Amino acid sequence: MDTPAHYSTFESEFRVRPDDIDMFQHVHNSKYFDYVLAARYDQMERCYGMAMEKFMERGFGWVVRTAHVDYKRALTMGDYFIVKTGIESIDDKGCRVKFSITNKATKKICCDGWFDYVMIDMATGRGAKVPEDIIAQYTI
């Protein structure tokens, strides 16, 4: 993937809910994926000006191909946290989105990593070329 000098990063704030907690009384590892996906959904519309619904109207969707998460410390019940995401690279096949999740009170990173997304043609379920106007919209 081609990597320009810089892409923007954006933040979304959430709070740990009771149904996020596992038997060890901290956030279950799978919930961190949900947090990143929720942040991207929020940021697509609010920050990039192109919500997921706009992709769907054009017959496109995004699918996670690969995900890497490096867990550092736990979030617990009621914690407020910040999910920071940004495109690391984008090309006509997809994009890599880097992220970090930080405990708002302690300012310590709970986990970080990246997701590789592939654009899908929703009619066929197969990979699709990312249109140039979408690449331009997300290259901010």
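At 66% relative accessibility, K107 counts as exposed, and its place is in the loop between β4 and β5. The model described here is predicted, and this briefing moves from two exposed loop residues to the aromatic pairs, the nonpolar core and the largest pocket. The structure holds eleven aromatic pairs, and its largest nonpolar core has 37 residues.

**Loop residues with a positive phi**

- Most residues other than glycine have a negative phi.
- K107, a residue other than glycine, nevertheless has a positive phi, near 65°.
- Q25 is not a glycine either, yet Q25 has a positive phi of about 65°; this residue has its place in the loop between β1 and α1.
- Q25 is exposed, since its relative accessible area is 56% and the cut-off for exposed is over 50%.

**Aromatic pairs and a charge over a ring**

- Among the eleven aromatic pairs is that of F10 and Y48, whose ring centres are 5.1 Å apart and whose planes stand at 75°, so the pair is edge-to-face.
- Because F10 lies in strand β1 (residues 9–15) and Y48 in the loop between α1 (29–46) and α2 (52–57), this pair ties together parts that are 38 residues apart in sequence; both F10 and Y48 are buried.
- The rings of Y35 and F81 have centres 4.4 Å apart and planes at 40°, so this pair is tilted.
- Y35 belongs to helix α1 and F81 to strand β3 (residues 80–91), so the pair ties together parts that are 46 residues apart in sequence.
- Both partners of the tilted pair are buried, with a relative accessible area of 7% for Y35 and of 0% for F81.
- One aromatic cluster is formed by F10, Y48, F55, W62 and Y138, so that the edge-to-face pair of F10 and Y48 is part of this group.
- R96 lies over the face of W114, at 3.6 Å from the centre of the ring.

**The largest nonpolar core**

- Within the core of 37 residues, those with the most contacts inside it are Y35, F55, W62, L75, I101 and Y138.
- The elements that give two or more residues to this core are the helices α1, α2 and α3 (132–138), together with the strands β2 (60–71), β3, β4 (94–103) and β5 (109–121).
- Leaving aside its neighbours within four places in sequence, W62 is in contact with M44, M52, F55, G94, C95, Y117, V118, M119 and V130.

**Y117 and its surroundings**

- Y117 is found in strand β5 and is buried, with a relative accessible area of 8%, which is under the 20% cut-off for that class.
- Leaving aside its neighbours within four places in sequence, Y117 is in contact with L37, R40, W62, V63, V64, K93, G94, C95 and V97.
- The C-alpha atoms of Y117 and R73 are separated by 26 Å, the two residues being 44 residues apart along the chain.

**The largest pocket**

- The volume of the largest pocket is about 190 Å³, and 13 residues line this pocket.
- Of these lining residues, R40, M44, M52, W62 and Y117 lie nearest the centre of the pocket.
- At least two residues of the lining are supplied by each of α1, α2, β3 and β4, and the largest share, four residues, comes from α1.
- W62 thus appears in several of these groups: in the aromatic cluster, among the core residues with the most contacts and among the residues nearest the centre of the largest pocket.

Notes. Residues numbered from 1 in each chain as written. Predicted model: local features only at pLDDT ≥ 70, side-chain atom pairs only at ≥ 80, totals over all residues. Heavy atoms only, no water. Phe/Tyr/Trp six-rings, centres within 6.5 Å; stacked < 30°, edge-to-face > 60°. Buried < 20%, exposed > 50% of the residue type's maximum accessible area, 1.4 Å probe, protein only. Lys NZ or Arg CZ within 6 Å of the ring centre and 35° of its normal. Core = buried A, V, L, I, M, F, W, Y, C linked by side-chain atoms within 4.5 Å. Contact = heavy atoms within 4.5 Å. 1 Å grid on protein atoms, 1.4 Å probe; cavity = no way out; pocket = protein on both sides within 12 Å on 5 of 7 lines; lining within 4 Å. Points joined across faces, edges and corners; volume = space filled by probe spheres on them.
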